[in-house]
Amino acid sequence: MALEHLFQGSALNGVDAKGRVSVPAFLRSVIERRGDARTIVLAKHETFACLSAYDPAYAALKHSKIERLLEKSEQEEGAQLAYQQRNLLAFAVSEEVPYDSTGRILLPAMMRRKGGISDLVLFLGVGETFQIWNPETLLGDDRIPEDLKDVCRYRLEERGLA
């Protein structure tokens, strides 16, 4: 199952004291082209200290990917445990959040904690999903390519924050 519409681009937005943030229009438009729900699923990213975000329809695709991983490794020791752990992380540590007519969501406290989010977030389109980062965390992660760190610094400079 290939996705026709992909997330791409970047933006920096502020998070208010209640955890509200506006999701950029370029990301919302992909969600709306993929389905009718004005909802975003937030989950802890599997590798990085950020959040992974996507439309509700992507959850079924995500489950299929996890199933295929199990099929490829069924005979290996610990495959069932790894499958169960992936499912738990993919679906139990996630939350659906609706966005209003202005594109604003309320980042749940647990998701803010899982993503290390405070007063700013950097949105990054990464194809099938998008990521939500604390800019300081991204800049401090040695695994992040320098070109992407430059994008983050540019977004901070645009707002007079660098």
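I looked first for clusters of aromatic rings, and I found that ring pairs link Phe-7, Phe-123 and Phe-130 into a cluster; rings of Phe, Tyr and Trp (its six-membered ring) pair if their centres lie within 6.5 Å, and planes under 30 degrees apart count as stacked, over 60 as edge-to-face and the rest as tilted. I note here that this is a predicted model, in which local features need pLDDT of at least 70 and side-chain atom pairs count only at pLDDT 80 or more, while totals for chains, interfaces and linings use all residues. Residues are numbered from 1 along each chain as its sequence is written, and side-chain values use heavy atoms, with hydrogens and water left out.

I then searched the whole structure for aromatic pairs, and the search gave four. For Phe-48 and Trp-133 I noted ring centres 5.7 Å apart and planes at 45 degrees, so this pair is tilted. I traced both partners along the chain: Phe-48 sits in the loop between strand E3 (39-44) and strand E4 (51-54), Trp-133 belongs to strand E8 (residues 130-133), and the pair links distant parts of the chain, 85 residues apart. Helices (H or I, at least four residues) and strands (E, at least two) are DSSP runs, numbered from the N terminus.

How buried or exposed is Trp-133? I read a relative accessible area of 1%, so Trp-133 is buried, where buried means under 20% relative accessible area, exposed over 50% and partly exposed in between (1.4 Å probe, protein chains only). Thr-137, in helix H5 (residues 135-140), is partly exposed at 26%. I also checked Thr-137 against Phe-26, 111 residues apart along the chain, and their C-alpha atoms are separated by 23 Å.

In helix H1 (residues 25-34) I listed the buried residues as Leu-27, Arg-28, Val-30, Ile-31 and Arg-34. Seen down the axis of H1, these fall within an arc of 155 degrees, so they line one face of the helix; the arc is that of the directions from the helix axis to the C-beta atoms. I remind myself that an α-helix has 3.6 residues a turn, so residues three or four places apart point the same way.

Finally I looked at the whole protein, which has six helices and eight strands, and which runs β-β-α-β-β-α-α-β-β-α-β-β-α-α from the N terminus on. I noted that buried residues make up 43% of the 162 residues, and that the C-alpha atoms fill a box of roughly 55 × 40 × 30 Å, taken along the principal axes.
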